[in-house]
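I opened the model today to look up how its parts fit together. My notes follow in the order I made them.

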Amino acid sequence: MTSESLVSVKHSQLVLTVSFRCNARCRICLSNCGPARQRILTVEEAIHIIDQAAELDTVVDVGFAGGEVFLPSCYPVMLDTARYIAARFGTPLSASTNAF
C-alpha cells in the first residue's frame, strides 16, 4: 500500500465521556454504565482534551456523553466545560441523555 492510496481522515466531532455513572442499569448499555461507576472527568481534564483536539483544527462539534451527563454529580463538569468551549471556540454543543 502506498501513501497515495491511504484515506485521509479528518475528525470533525469530539465526544467527551463525562462519566460512566448512570442512574439506570440498562442491559443493552454498550459502555457498562451504572450507579456504581464513580469516576467523573474533571473540568481540567476536559479542557486539556479540548485544547489538544483544537490543535487538529478540524473539530467543528463537541458532544457530551456518558453514563448520564445530567446527573447532579456530572452536570457541573459538563456545564463548566461547555462554557469554556463556547467562550474559546463558539463550537456547537450536544449532549446525549437517557432522559430518566
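**Entry 1: the sheet**

I began with the pairing of strand 1 and strand 2, which is parallel and runs over 6 bridges. The model is a predicted one, and I keep that in mind throughout. Strands of a sheet pair through backbone hydrogen bonds, either parallel or antiparallel. I then looked for a facing pair and found Leu-14 opposite Val-62 of strand 2.

Next I traced the whole sheet. It is open, has 3 strands in the order 1-2-3, and its pairing is parallel. Which strands sit at the edges? They are strand 1 and strand 3 (93-95), each of which pairs on one side only. I also noted the twist: ignoring direction, neighbouring strands are turned by 20° against each other on average.

How many residues of strand 2 are buried? I count 5 of its 6 as buried, and the strand is mostly covered.

**Entry 2: the chain as a whole**

I stepped back to the full chain. It holds 2 helices and 3 strands. Read from the N terminus, the elements go β-α-β-α-β. The C-alpha trace spans about 50 × 35 × 20 Å along its principal axes. The chain has 100 residues, and 29% of them count as buried.

I checked how far apart in sequence the contacting residues are. Among contacts with a separation of 6 or more, 72% join residues 24 or more positions apart.

**Entry 3: the start of strand 1**

Gln-13 is placed in strand 1. I wanted a long-range pair here and took Val-59, which is 46 residues away along the chain. The C-alpha atoms of Gln-13 and Val-59 are separated by 5.3 Å. Beyond its neighbours within four places in sequence, Gln-13 is in contact with Asp-61 and Ser-94. Gln-13 counts as partly exposed because its relative accessibility is 45%, which falls between the 20% and 50% cut-offs.

**Entry 4: the core**

Which residues have the most contacts inside the largest nonpolar core? They are Leu-14, Leu-16, Val-18 and Phe-64, in a core of 17 residues. Strand 1, helix 1, strand 2 and helix 2 (75-88) each supply at least two residues to this core.

I followed Val-18 further. Neighbours within four places in sequence aside, its contacts are Arg-39, Ile-40, Leu-41, Phe-64, Ala-65, Val-69, Cys-74 and Val-77.

**Entry 5: the helices**

I then turned to the helix pair. Helix 1 and helix 2 pack at about 35°, and their axes are 9 Å apart. The crossing of helix 1 past helix 2 is right-handed. On the helix 1 side, the contact uses Val-43, Ala-46, Ile-47, Ile-50 and Asp-51. On the helix 2 side, it uses Val-77, Asp-80, Thr-81, Tyr-84, Ile-85 and Arg-88. By type, the residues of this contact are 7 nonpolar, 1 polar and 3 charged.

Helix 2 also meets the sheet. It lies across strand 1, strand 2 and strand 3, and it runs at about 175° to strand 2.

**Entry 6: Thr-81**

I picked Thr-81 of helix 2 for a closer look. Is Thr-81 buried or exposed? It counts as buried because its relative accessibility is 0%, and the cut-off for buried is under 20%. I listed its contacts, again leaving aside neighbours within four places in sequence. Thr-81 is in contact with Leu-16, Val-43, Ala-46, Ile-50 and Phe-64.

**Entry 7: two residues with positive phi**

Last, I looked at the backbone. Most residues other than glycine have a negative phi, and most peptide bonds are trans. I noted two residues with a positive phi.

Asn-32 is not a glycine, yet its phi is positive at about 55°. Where does Asn-32 lie? It is in the loop between strand 1 (13-19) and helix 1 (43-54). Asn-32 counts as exposed because its relative accessibility is 58%, and exposed means over 50%.

Asp-57 is not a glycine either, and its phi is positive at about 60°. Asp-57 sits in the loop between helix 1 and strand 2 (61-66). With a relative accessible area of 69%, Asp-57 is exposed.

Key: Residues are numbered from 1 along each chain as its sequence is written. This is a predicted model: local features need pLDDT of at least 70, side-chain atom pairs count only at pLDDT 80 or more; totals for chains, interfaces and linings use all residues. Side-chain values use heavy atoms; hydrogens and water are left out. Helices (H or I, at least four residues) and strands (E, at least two) are DSSP runs, numbered from the N terminus. Buried means under 20% relative accessible area, exposed over 50%, partly exposed in between (1.4 Å probe, protein chains only). A nonpolar core is a set of buried Ala, Val, Leu, Ile, Met, Phe, Trp, Tyr and Cys residues joined through side-chain atoms within 4.5 Å. Contact means heavy atoms within 4.5 Å. Axes are lines fitted to C-alpha atoms, for helices over the stretch in contact, and angles run from 0 to 180 degrees between N-to-C directions. A crossing is left-handed if the near helix is turned anticlockwise from the far one by less than a right angle, and right-handed if clockwise. Ala, Val, Leu, Ile, Met, Phe, Trp, Tyr, Cys and Pro count as nonpolar, Asp, Glu, Lys and Arg as charged, and the others, Gly among them, as polar. Two strands pair if DSSP finds at least two bridges between them.
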